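Trainee: Could we go through this one together? I'd like to see how each label gets justified.

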Amino acid sequence: MFKFWGSQEQQEQARPQDVNPAQSWYPPSVVTSPSSRPATPTSSSSSSHSLQRPTERPLSPSPAEAAAIITLLKDKSVDELRKLLSDKDAYHQFLLSLDQVKIQNNIRDELCKETLQLARENLEKEPRIMELRNQCRIIRTTELAAAQEKLNELEKQKEELLRSCSPASILQRLQEAMNKTDEESEAFHRQFLDKEIDLGAFVQKYKKLRTTYHKRALIHLAAKASPTG
């Protein structure tokens with residue numbers, strides 16, 4: 001068995017540089033040992049690093065995830081490690097055996113199931129949605145037009161009522177009622193002078209008319225003198 005933290009001789013035997021880069025499906029930067037790289041970067045390598053975008057760098061696992069992966073790898077033999085480097089199917093199977101990958105795959109499967117379920121429910125509701133749309137279209141073309149017409153009529157009535165209840169309109173109607181009562185009392189007085197009405201009937205009705213007139217006159221005067229008049 002291969003020990004990850006063994007002697008110097010075991011470490012030299014387990015180095016990935018023993019694998020031929022041409023036979024590995026990994027990039028050369030992975031299968032090539034760091035000692036084979038030049039100590040100082042050339043102009044071409046420095047320019048390539050300067051042109052590399054930050055988004056192209058692979059995501060690194062967390063320390064806990066890396067420790068778990070190392071624990072799995074350190075118990076494998078050299079041949080098994082070489083196979084992981086050269087055999088894409090073996091690497092894929094090892095990747096799928098990791099707990100982190102299993103969790104992500106389970107989450108993905110659950111999300112796919114939920115998405116499919118929501119899609120099925122939406123498709124089942126489509127006939128009801130079309131029916132409601134047709135009902136809304138009918139309401140807009142028939143009931144809505146009648147309701148809009150009724151609303152316009154009520155709006156006009158409201159405006160007329162507001163105009164009739166305005167202070168100026170009330171004062172005007174009160175003035176008209178005063179004038180009417182005054183004219184009526186004057187006409188009744190002329191009838192008495194022409195001896196068309198006896199004294200008892202004249203006094204009773206004339207007094208009532210003049211009392212009404214003066215009440216309205218006082219209310220009109222107070223309304224005009226108020227700040228809202």
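Mentor: Sure. Keep in mind that this is a predicted model. Let's start with H6 and H7, which are roughly perpendicular to each other.

Trainee: Why are H6 and H7 called roughly perpendicular?

Mentor: Look at the angle. H6 and helix H7 (residues 99-141) pack at about 75 degrees, with their axes 5 Å apart. The label covers 65 to 115 degrees, and therefore H6 and H7 get it.

Trainee: Which residues of H6 and H7 meet there?

Mentor: On the H6 side you have Leu95, Leu96 and Ser97, and they meet Asp99, Val101, Lys102 and Asn105 of H7. By class, the contact of H6 with H7 divides into three nonpolar, two polar and two charged residues.

Trainee: What about H5 and H6, at what angle do they pack?

Mentor: Helix H5 (residues 78-86) packs against helix H6 (residues 88-97) at about 105 degrees, and their axes are 5 Å apart. The window for roughly perpendicular runs from 65 to 115 degrees, so H5 is roughly perpendicular to H6. H5 brings Lys83, Leu84 and Ser86 to the contact, while H6 brings Lys88, Ala90, Tyr91 and Phe94. Sorted by class, the residues of the contact of H5 with H6 are four nonpolar, one polar and two charged.

Trainee: Now H9 and H10. What makes H9 roughly antiparallel to H10?

Mentor: Helix H9 (residues 167-193) and helix H10 (residues 199-225) pack at an angle of about 160 degrees, their axes 9 Å apart. Anything over 145 degrees counts as roughly antiparallel, so that is the name for H9 against H10.

Trainee: Is the crossing of H9 and H10 left-handed or right-handed? And what does their contact have by class?

Mentor: H9 passes H10 in a left-handed crossing. The contact of H9 with H10 has 15 nonpolar, six polar and seven charged residues.

Trainee: Let's zoom in on leucine 171. How do you know that it counts as buried?

Mentor: Leucine 171, which is found in helix H9, has a relative accessibility of 17%. Buried means under 20%, so leucine 171 counts as buried.

Trainee: What does leucine 171 touch, leaving out residues up to four places away in sequence?

Mentor: With those left out, leucine 171 touches His220, Ala223 and Lys224. Leucine 171 and leucine 221 are also worth a look: they are 50 residues apart in sequence and 9.4 Å apart in space, C-alpha to C-alpha.

Trainee: And why does serine 169 count as buried?

Mentor: Try the test yourself.

Trainee: Serine 169 is in helix H9 and has 17% relative accessibility. The cut-off is under 20%, so serine 169 counts as buried.

Mentor: Right. Not counting residues up to four places away in sequence, serine 169 touches Arg163 and Ser164.

Trainee: Stepping back, how many helices and strands does the protein have?

Mentor: Ten helices and zero strands. Along the sequence, that reads α-α-α-α-α-α-α-α-α-α.

Trainee: What share of the residues is buried, and how much area does the protein expose?

Mentor: Of the 229 residues in the protein, 12% are buried. The protein exposes about 18,600 Å², with carbon and sulfur atoms supplying 58% of it. As for contacts with a separation of 6 or more, residues 24 or more positions apart account for 58% of them.

Key: Residues numbered from 1 in each chain as written. Predicted model: local features only at pLDDT ≥ 70, side-chain atom pairs only at ≥ 80, totals over all residues. Heavy atoms only, no water. Axes fitted to C-alpha atoms, helices over the stretch in contact; angles between N-to-C directions. Helix = DSSP H or I, 4+ residues; strand = E, 2+ residues; numbered from the N terminus. Parallel < 35°, antiparallel > 145°, perpendicular 65-115°, else oblique. Left-handed = near helix turned anticlockwise from the far one by under 90°. Nonpolar A, V, L, I, M, F, W, Y, C, P; charged D, E, K, R; others polar. Buried < 20%, exposed > 50% of the residue type's maximum accessible area, 1.4 Å probe, protein only. Contact = heavy atoms within 4.5 Å. Areas by Shrake-Rupley, 256 points an atom, 1.4 Å probe, with all protein chains shown as cover.
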